[in-house]
Amino acid sequence: MSKLTKNQKLVADKVEAGKAYSLQEAAALVKEITTTKFEASVDIDVRLGVDPRKANQMVRGVVSLPNGTGKVTRVLALCTPDQEEAAKEAGADYVGLDEYIDKIKQGWTDVDVIITMPSCMGKLGPLGRVLGPRGLMPNPKSGTVTMDVAKAVKEVKQGKIDFKVDKAGIVHASIGKVTFTPEQIYGNAKEFLQTIIKLKPAAAKGTYMKSIFISSTMSAGIKVDPKSVE
């Protein structure tokens with residue numbers, strides 16, 4: 001059996017195997033077990049008692065994290081000229097339409113979120129093969145196709161994220177950085193989990209939140225007691 005490294009021993013001493021911590025305890029503990037030299041992200045994974053293959057059990061939504069994400073989100077606003085100035089003032093990193101559509105056709109995707117208007121979606125259709133696999137295709141359900149582009153840009157810059165359950169029934173999201181205070185991590189996690197609870201499909205039977213884990217980049221996962229967030 002290989003020996004534990006100094007950092008692995010530190011984590012083993014702090015996290016009790018099999019124990020389910022309260023959300024507040026986990027928010028503080030994730031900072032203590034993070035040993036990376038870079039600013040790690042704080043991630044949350046929620047296994048749901050749903051069958052994502054059935055349309056009436058799909059869980060998808062958006063949430064505005066009260067303490068932001070801690071990340072710099074690069075936003076491209078594809079809009080008509082009358083909305084360009086407002087989009088720039090709201091904080092969009094790139095604003096325009098045809099010139100950026102041409103750039104994307106040539107392979108440029110150096111952004112994190114694309115926000116557009118319903119009237120512009122026709123031009124984005126042919127870009128599905130480029131944007132789809134990268135998760136960049138605007139979608140009304142995530143609030144990235146809207147008549148109020150400036151408002152959507154501002155929300156994304158302030159910490160609005162979208163999420164959806166994957167094929168395995170798990171919802172994954174980054175909810176901050178380990179440099180956040182325990183209170184900030186807890187606040188973001190609670191808001192995220194409360195949003196998932198509100199989105200419970202009527203067709204979902206049995207236990208809805210089966211398991212919750214909080215971790216940081218490259219750290220061990222901390223099991224969270226679902227009852228502590230209900």
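In β5, which residue is the bridge partner of V75? Keep that question in mind while the tour sets out from the whole chain and works inward to the strand that holds V75.

**Before selecting anything**

What is displayed is a predicted model, in which local features need pLDDT of at least 70 and side-chain atom pairs count only at pLDDT 80 or more, whereas totals for chains, interfaces and linings use all residues. Residues are numbered from 1 along each chain as its sequence is written, and side-chain values use heavy atoms, with hydrogens and water left out.

**The whole chain**

Show the chain as a cartoon, and eight helices and nine strands can be picked out; these are DSSP runs numbered from the N terminus, with helices being H or I of at least four residues and strands being E of at least two. Along its principal axes the C-alpha trace spans about 60 × 45 × 35 Å. Of the 230 residues, 43% are buried, where buried stands for under 20% relative accessible area, exposed for over 50% and partly exposed for the range in between, with a 1.4 Å probe and protein chains only. Among contacts (heavy atoms within 4.5 Å) with a separation of 6 or more, 72% are between residues 24 or more positions apart.

Switching to a surface, the chain exposes about 12,600 Å², and carbon and sulfur atoms supply 50% of it; the areas come from the Shrake-Rupley method with a 1.4 Å probe, and for residues only the protein chains shown count as cover.

**Strand β3 and its partners**

Select residues 75-78, which form β3, and display the side chains: V75 and A77 lie on one side, L76 and L78 on the other, and all of these are buried, so that both faces of the strand are covered. Next add residues 113-116, which are strand β5; β3 and β5 run parallel and are joined by four bridges, strands being taken as paired if DSSP finds at least two bridges between them. Here the opening question is settled, for the bridge partner of V75 is V113.

Stay on V113 and show what surrounds it: leaving aside neighbours within four places in sequence, V113 is in contact with T73, R74, V75, L76, L136, T144 and V156. For a residue outside this set, pick I44, which is 69 residues from V113 in sequence and 20 Å from it in space, C-alpha to C-alpha.

Then select residues 94-96, strand β4, which runs parallel to β3 and is joined to it by three bridges; A77 stands opposite V95 there.

**Across helix α3**

Add residues 81-89, helix α3, and together with β3 and β4 the helix makes a right-handed β-α-β unit; right-handed here says that, with the strands pointing away from the viewer, the path from the first strand over the helix to the second runs clockwise. Within α3, select A87, which counts as buried because its relative accessibility is 0%. Not counting residues up to four places away in sequence, A87 touches A77, A92, V95, V149, A150 and V153, and this list includes both members of the pair that stand opposite one another, A77 and V95.

**Strand β6**

Move to residues 160-164, strand β6, and select D162, which counts as partly exposed because its relative accessibility is 46%. Beyond the residues up to four places away in sequence, D162 touches G61, V62 and S142. D162 and G143 are 19 residues apart in sequence, and their C-alpha atoms are 8.6 Å apart.

**The loop between β8 and β9**

Finish at M218, in the loop between β8 (209-216) and β9 (222-224). M218 is not a glycine, although its phi is positive, at about 70 degrees. M218 counts as exposed because its relative accessibility is 72%.
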